[in-house]
Amino acid sequence: MTVDLPVARDIATSFVGAAKAMSAHKRKLPRPHPHADHGALPLLYALEAEPLRVSALADIVHSDVSTVSRQVSALTDGGLVTKICDPQDGRAQLVTLTPDARELVSTLREDRAAWMQNLLTDWSTAEAREFQHLLLKFTASLDAYQGGCTPRAGQPTPLRPTA
């Protein structure tokens with residue numbers, strides 16, 4: 001089962017438009033915390049479930065270790081995360097949320113839910129559930145994607161996933 005190329009083209013165009021609209025909206029938002037910019041929020045959400053090594057955190061948020069390490073340092077300096085010894089390997093450290101960060105994440109989750117509810121005022125609950133289902137399916141496909149796009153001669157590759 002393969003989606004027709006014209007349909008895939010329309011979805012790709014719509015997706016880029018939605019991503020740009022989200023990015024524009026995000027730029028208008030105030031900084032969520034004096035020591036956490038919007039780029040660091042995925043780290044806080046990922047750490048909500050359990051303490052993690054920086055390398056595992058980087059994998060979860062689809063970033064490189066050096067970037068996540070810098071973000072963790074800033075969050076540590078701001079009192080939102082702390083490092084603890086890994087009970088499995090005393091030489092390694094885990095990053096964990098402070099109580100202030102847990103409160104921040106909880107508040108941000110509620111704010112985000114209220115924002116989404118306001119955004120979808122003209123949607124039915126059934127439409128919102130279907131969108132959620134399809135978005136989860138799309139995300140799973142994206143996570144599982146191992147191929148690359150084949151560029152035309154002389155054209156740059158529009159998408160090249162990294163291993």
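In this predicted model, the backbone oxygen of Gly79 lies 2.8 Å from a polar atom belonging to the side chain of Thr98. Thr98 itself is found in the loop that runs between β2 (89-97) and α5 (99-119), and, leaving aside residues up to four places away in sequence, Thr98 touches Gly79, Leu80, Val81 and Thr82. Gly79 therefore appears both as the partner in the 2.8 Å approach and among the residues that Thr98 touches, and the side chain counts as part of a buried residue because the relative accessibility of Thr98 is 13%, where buried means under 20%.

A second loop residue, His33, has its place between α1 (5-28) and α2 (41-47). The side chain of His33 reaches the backbone nitrogen of His35 at 2.9 Å, and, when residues up to four places away in sequence are not counted, His33 touches Gly78, Leu80 and Leu104. Leu80 is thus one of the residues touched by His33 and also one of those touched by Thr98.

The two polar approaches described above can be set out together.

| Side chain | Backbone atom | Distance |
|---|---|---|
| Thr98 | oxygen of Gly79 | 2.8 Å |
| His33 | nitrogen of His35 | 2.9 Å |

Is His62, in the loop between α3 (54-60) and α4 (65-77), buried or exposed? His62 counts as exposed, because its relative accessibility is 63% and the cut-off for that class is over 50%. The backbone of His62 has a phi near 60°, which is a positive value in a residue other than glycine. Most residues other than glycine have a negative phi.

Turning to the chain as a whole, the protein chain contains six helices and two strands, and from the N terminus on its elements follow the order α-α-α-α-β-β-α-α. The radius of gyration of the protein chain is 19 Å, whereas a compact globule of 163 residues would have a value near 15 Å. The C-alpha atoms fill a box of roughly 50 × 40 × 30 Å along the principal axes.

Of the 163 residues, 21% count as buried, and the chain exposes about 12100 Å², of which carbon and sulfur atoms supply 57%. Among contacts with a separation of 6 or more, residues 24 or more positions apart account for 43%. The protein chain carries 17 positive and 18 negative side chains, and the centres of these two sets lie 7 Å apart.

Terms used. Residues are numbered from 1 along each chain as its sequence is written. This is a predicted model: local features need pLDDT of at least 70, side-chain atom pairs count only at pLDDT 80 or more; totals for chains, interfaces and linings use all residues. Side-chain values use heavy atoms; hydrogens and water are left out. Helices (H or I, at least four residues) and strands (E, at least two) are DSSP runs, numbered from the N terminus. A polar contact is a pair of N or O atoms within 3.5 Å; within protein, one must be able to donate a hydrogen and the other to accept it, and residues adjacent in sequence count only if both atoms are side-chain atoms. Contact means heavy atoms within 4.5 Å. The radius of gyration is taken over C-alpha atoms; the globule rule is 2.2 Å times the number of residues to the power 0.38. Buried means under 20% relative accessible area, exposed over 50%, partly exposed in between (1.4 Å probe, protein chains only). Accessible areas come from the Shrake-Rupley method with a 1.4 Å probe; for residues, only the protein chains shown count as cover. Lys and Arg count as positive and Asp and Glu as negative; His and the chain ends are not counted. The place of a charge is taken as NZ of Lys, CZ of Arg, CG of Asp or CD of Glu.
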